[in-house]
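Student: I would like to take a close look at a single part of this structure, and to see how the helices there are placed against their surroundings. Could you take me through that part slowly, and then show me how other places compare in their setting?

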Amino acid sequence: MIDPEAERKEILRLYRRLLRHAKPFLKDNDAKIIKKAFNASVEAHKDMRRKSGEPYIYHPIAVAQIAVEEIGLGTTSIVAALLHDVVEDTAMEVEDIERDFGPSVARIIEGLTKISGVFDYGSSQQAENFRKMLLTLSDDVRVILIKLADRLHNMRTLDSMPRHKQLKIASETMYLYAPLAHRLGLYAIKSELEDLYLKYTDTATYKDISNKIRQTRSARNKFIKDFIHPIEEELTKHGFKFNIKGRPKSIYSILKKIKKQNITFEEVYDLFAIRITLDVPVENEKAACWQVYSIITDFYQPNPDRLRDWVNTPKANGYESLHTTVMSKSGQWVEVQIRTERMDEIAEKGYAAHWKYKDGPSSESGLEQWINKVRDMLENNTGNALEFMDEFRKNLFVEEVFVFTPKGELIILPDKATALDFAFEIHSQIGLQCLGAKVNQKLVPLSYRLYNGDQVEILTSHKQKPNEEWLNYAVTSKARSRIKEALREERKVRTEQGRILLEKRLAQLKMPGTQGNINKLLAFYNVPSVQDMYYKLAIGHIDPKNIKEVIFSATSEKGNSTLDPKSFDREVQKIRGVNSDMLVIGENTSNMDYTIANCCNPIPGDDVFGFETGDEDIEIHRTNCKRAIELMSNYGHRIVRAKWTDQKELAFLAGIRIKGTDRVGLVNDLTRIISNSLRVNMRSITIDSHDGIFEGNIMVFVNDTGHLDKLIQRMSKVNGILTVERFD
């Protein structure tokens, strides 16, 4: 039952809260403008409701609230956030907004309004929208910041969405928005987006880790209290103004660590970090941070491999902090972060806080350099939207490597960049004529991977030309797009040479260059297009002398002995024992063929989705599959809901990883459980034992997740077994 009066009160409460947070920076006319935007938004959305049933206006207010409170944006952004959906959802036009609220609000809203119209074949609307949003980044970064606030609120309220929408939106978030938040220095938002992604795609793991964090909370708090006590006393003695708090790691980062290091939750040593924030003037920051480091290491032994100094060389997103990992008295490693209040604000609010602390027009922050790089990428990109997205993610969401020119100038490149990338970073022409390089005075090939502190000198030659192989070791977008461009030009020239060669040969044979004759040549040489054939002629893969009259007179003898792909798939499925009633996919889709994806090997009981690979074929993936993020965010329209039927006779392959202490007869005990007690067939077992510890992988055929879980439970009870887990 809808209560209009209660809703009206709630809208006013939310609006007043927004104003309260905005109050510190409001100037003369600001409150009036915000009120005007609020009224316009209420009016525009008055008859609309969200999927959850609540009034639509709750959403724009929430987005404005996030923009102010969590990102630290100002009046223009509040107005744009309140109006961000009106152009798309109502009769209001961008012109109306410009007239009522001025050009900068209008420009931000134009950037936020999704585009419609023609898309490249094979591109996805999402990638196209993202590209447009980035184009507005060069004018006004607030577009992206409000978009992030919008996405964060949508993720927080994802419960009311249908399952397939949840998966698509969550994957898109993980693919684009979480890395973007990280790049813009919005650490808190990035972590929350990652955790919410996990909550909707792998709910069981999310709940499991959050329960464990909850259960260990009181012990953790006591530990933190004991740990910081001596440090607090010492800092006070030295006259520091400071704040110390313990901060648990995000659920997603804990899971990442568990997977990467192949350990259990209990073995993750840095479940939390201690953060020390100092209140000191800017000119004393470095000295103060290092003094605090010295005080901490008087009490606790540091791990020399885990010292990270981002105070002297900040990250590209502007992040500054000093991190060290020390050994506590109870034998646990603890990460300690030391920073000032200014650094902390930049770490939490990223971009928006930067402007506040900018000292004069000459100092270009790492973030501005990054934005200039984005601009550069957008100007130089000629591929389709998906290709662009791929390049964008590769280049802008990675750690950096710091290297130097022979004159000592610092060049920042993405991690895993090579000598070839360095050459293109200096100048396109140098890149195109690059022969090799000298790194730290030693001669290295183009494919040499650069490391922090390398000093690089590029060797060039006028005779050098790019070749296809270069794309295997060029990492940066700049290098890749320049190489592709050069290869395209080269190919164009070669294709023209090949066309002339073919014309001459046909003239010698007195054969007309009709379409029919060309088609016979294409069939004979099994080449997909005329351009490809010209190119192969020019580079000598096809010898013009081998083109003879017999090619034109003989018809293709290749009969229809092979099965067409569809029936071939069906044959394969018959052999594998996969039949059409095992999966119920969407509605009225029993006539679709499907295959089980090799990347994640789903089994009945797993949360799955279908992905249309091509003409009516469907591939079944687990929702937490590594490729799922990319598929759902780029090709959301090809995602099909999928669920298993209750059929028990079929067997699916699953992998189990075990760890334990070695003893005589252990393998025997394990195999007995597998084959006798649960009637499971085993395909392979590999066990490796060293220094009294063994690790093994077992591939078994099971019916569903319940069957697998039962097997894992029984195996973990075997004497000497430490961990048993499923792997993809």
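Tutor: What follows begins with one helix and its partner and then moves outward to other parts of the chain.

Please keep in mind throughout that this is a predicted model. As a whole, the protein has 30 helices and 20 strands, and 47% of its 728 residues count as buried. Among the contacts in the protein with a separation of 6 or more, 66% are made by residues 24 or more positions apart.

The part to look at closely is helix α3. Its length can be checked with a short piece of reasoning: α3 has twelve residues, which at 1.5 Å a residue should span 16 Å, and since its end C-alpha atoms are 16 Å apart, the expectation and the model agree. The next matter is how much of the helix is covered, and here eleven of the twelve residues of α3 are buried, so the rest of the structure largely encloses this helix. The buried residues of α3 are Tyr 58, His 59, Pro 60, Ile 61, Ala 62, Val 63, Ala 64, Gln 65, Ile 66, Ala 67 and Val 68. Which elements provide that cover? The covering elements include α1, α2 (30–44), α4 and α9.

Of these neighbours, let us take α1 in detail. The axes of helix α1 (residues 4–22) and helix α3 (residues 58–69) come within 9 Å, crossing at roughly 20°. An angle under 35 degrees counts as roughly parallel, and α1 and α3 are therefore roughly parallel to each other. Their crossing is left-handed. On the α1 side, the residues that take part are Glu 7, Glu 10, Ile 11, Leu 14, Tyr 15, Arg 17, Leu 18, His 21 and Ala 22, and on the α3 side they meet Tyr 58, Ile 61, Ala 64, Gln 65, Val 68 and Glu 69. Sorted by character, the residues of this contact between α1 and α3 comprise nine nonpolar, two polar and four charged ones.

Another helix in the cover of α3 is α4, and Thr 75 belongs to this helix, which runs over residues 75–82. Thr 75 has a relative accessibility of 13%, and because buried means under 20%, this residue counts as buried. When its neighbours within four places in sequence are left aside, Thr 75 is in contact with Phe 25, Leu 26, Asp 30 and Ile 34.

Helix α9 also helps to cover α3, and the same check of length can be made there. The 15 residues of α9 (residues 142–156) should span 21 Å at 1.5 Å a residue, and the end C-alpha atoms are indeed 21 Å apart, which agrees. Helix α9 is mostly covered as well, with twelve of its 15 residues buried, including Val 143, Ile 144, Lys 147, Asp 150, Arg 151 and Met 155.

From α9 we can go on to helix α11 (residues 187–201), since α9 is among the elements that cover the buried residues of α11, along with α10 (163–183), α12 (203–215), α14 (251–261) and α28 (628–634). Helix α11 has 15 residues and reaches 21 Å from its first C-alpha to its last, close to the 21 Å expected at 1.5 Å a residue. Eleven of the 15 residues of α11 are buried, so the rest of the structure largely encloses α11; among them are Ile 189, Lys 190, Glu 194, Tyr 197 and Thr 201.

A further buried residue is Arg 220, in helix α13 (residues 217–237), whose 9% relative accessibility is the reason it counts as buried. Not counting residues up to four places away in sequence, Arg 220 touches Ile 213, Pro 248 and Phe 272. Arg 220 and Pro 248 are 28 residues apart along the chain, and their C-alpha atoms are separated by 9.2 Å.

Finally, consider a loop. Asn 440 lies in the loop between β9 (434–439) and β10 (442–444), and Gln 441 is found in the loop between β9 and β10 too. Most residues other than glycine have a negative phi. Asn 440, however, has a positive phi near 50°, and Gln 441 has a positive phi near 75°. At 40% relative accessibility Asn 440 counts as partly exposed, whereas Gln 441, at 67%, counts as exposed.

Technical notes
Residues are numbered from 1 along each chain as its sequence is written. This is a predicted model: local features need pLDDT of at least 70, side-chain atom pairs count only at pLDDT 80 or more; totals for chains, interfaces and linings use all residues. Side-chain values use heavy atoms; hydrogens and water are left out. Helices (H or I, at least four residues) and strands (E, at least two) are DSSP runs, numbered from the N terminus. The expected span of a helix is 1.5 Å times one less than its number of residues. Buried means under 20% relative accessible area, exposed over 50%, partly exposed in between (1.4 Å probe, protein chains only). Contact means heavy atoms within 4.5 Å. Axes are lines fitted to C-alpha atoms, for helices over the stretch in contact, and angles run from 0 to 180 degrees between N-to-C directions. Angles under 35 degrees count as roughly parallel, over 145 as roughly antiparallel, 65 to 115 as roughly perpendicular and the rest as oblique. A crossing is left-handed if the near helix is turned anticlockwise from the far one by less than a right angle, and right-handed if clockwise. Ala, Val, Leu, Ile, Met, Phe, Trp, Tyr, Cys and Pro count as nonpolar, Asp, Glu, Lys and Arg as charged, and the others, Gly among them, as polar.
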